[in-house]
Amino acid sequence: MRNFLKKITHPFLRLGLKIYYFKPRKFCYEGICIKVHPDVFPPHLTLSTTILLDFIKEKKLTNKSFLELGCGSGIISLFAAKKGADVTATDINPTALEFLTENAKKNNLELEVIASDLFQSLPNRTFDCIVINPPYYPKTPKNVKQKAWFCGENFEYFEQLFPQLKNYSTTENEIYMILSEDCEVKKIKAIASKSGIAFAIIVEKKVVGEKNYIFRLTS
Ligand SMILES: C[S@@+](CC[C@H](N)C(=O)[O-])C[C@H]1O[C@@H](n2cnc3c(N)ncnc32)[C@H](O)[C@@H]1O
């Protein structure tokens, strides 16, 4: 079961996801309900989104500037906005942003929604808190939907992310990234270290037999 669930590349799992997500699906957390388009990263069956939601639930976010880089459904951004943060949600997937804008209106929550390839559309900005749930399977994405899962055969997503992220790291702010034992954590850490970024485990959580880690990133 565990190995089956772990591999998004597994044909049965991919077929199962395709059937389950053939239409927009509802997802709710702490009184926020959203519709998630089939072309957007699904928070329902994956573990990472909920682990991050539970993590930020405990954090004081009132009046803090909060960036979710690669927001997907945007449920984390909406929850941060509900907790009083000044939220910016970005993604490369236009459908994700279109649905997030609609979901924000329906939940009476305000946030800034920006189409951006990593930090490209965020020049000269600073954020008190940055949260990243990255794509981490080393395969080349064939379309924008697959960018939710695949980071490129040679970890291109991370090779581009860390040199940019370094410029958004300050002595005061907090940057968090979730990864699972299912991905090549060592390789990702090694890519980060080329940009002088270090990882410290803040949360370790085992769900359905799979360990997930929230790292705090510092430079
Ligand atoms: C694993 S999903 C996480 C979604 C959401 N943060 C969550 O936790 O549910 C990764 C997200 O990153 C986005 N993404 C991938 N490559 C990106 C890039 N170069 N720039 C911006 N967003 C990107 C994907 O479209 C996807 O929405």
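## Leu118 and its loop

Let's start with Leu118, which sits in the loop between β5 (112–115) and β6 (129–132). This is a predicted model, so everything below describes a prediction. In it, Leu118 has a positive phi of about 50°, even though Leu118 is not a glycine. What's the usual pattern? Most residues other than glycine have a negative phi.

Is Leu118 buried or exposed? Its relative accessibility is 9%, and the cut-off for buried is under 20%, so Leu118 counts as buried. Leu118 also turns up next to the ligand, as one of the residues that come nearest to it.

## Asn63, another positive phi

Asn63 has a positive phi too, at about 65°, and Asn63 isn't a glycine either. You'll find Asn63 in the loop between α3 (48–57) and β3 (65–69).

Is Asn63 buried or exposed? With 68% relative accessibility, and exposed meaning over 50%, Asn63 counts as exposed. So here are two loop residues to look up in the structure: Leu118 is buried, while Asn63 is exposed.

## Around the ligand

Now for the ligand. There are 18 residues around it, and those that come nearest are Thr49, Glu68, Gly70, Asp91 and Leu118. What kinds of residue make up this shell? Sorted by class, eight are nonpolar, six are polar and four are charged.

Let's zoom in on some atoms. One oxygen atom of the ligand is 2.6 Å from an N or O atom in the side chain of Asp91. With Gly72, the backbone is involved: a polar backbone atom there is 3.4 Å from an oxygen atom of the ligand. Ser116 also brings in its backbone, with a polar atom 3.5 Å from a nitrogen atom of the ligand. How much of the ligand does the protein cover? On its own, the ligand has 590 Å² of accessible area, and the protein covers 96% of that.

## Aromatic rings

How many aromatic pairs does the structure hold? The count is 11. Take Tyr136 and Tyr137: their ring centres are 5.1 Å apart and their planes meet at 50°, so this pair is tilted. If you go looking for these two, note that both Tyr136 and Tyr137 are buried.

Ring pairs can also join up into a group. Here they link Phe155, Tyr157, Phe158, Phe162, Phe199, Tyr213 and Phe215 into a cluster. Try selecting those residues in the structure to see the cluster for yourself.

Conventions: Residues are numbered from 1 along each chain as its sequence is written. This is a predicted model: local features need pLDDT of at least 70, side-chain atom pairs count only at pLDDT 80 or more; totals for chains, interfaces and linings use all residues. Side-chain values use heavy atoms; hydrogens and water are left out. A residue is near a molecule or strand if one of its heavy atoms lies within 4 Å of it. A polar contact is a pair of N or O atoms within 3.5 Å; within protein, one must be able to donate a hydrogen and the other to accept it, and residues adjacent in sequence count only if both atoms are side-chain atoms. Accessible areas come from the Shrake-Rupley method with a 1.4 Å probe; for residues, only the protein chains shown count as cover. Ala, Val, Leu, Ile, Met, Phe, Trp, Tyr, Cys and Pro count as nonpolar, Asp, Glu, Lys and Arg as charged, and the others, Gly among them, as polar. Rings of Phe, Tyr and Trp (its six-membered ring) pair if their centres lie within 6.5 Å; planes under 30 degrees apart count as stacked, over 60 as edge-to-face and the rest as tilted. Buried means under 20% relative accessible area, exposed over 50%, partly exposed in between (1.4 Å probe, protein chains only). Helices (H or I, at least four residues) and strands (E, at least two) are DSSP runs, numbered from the N terminus.
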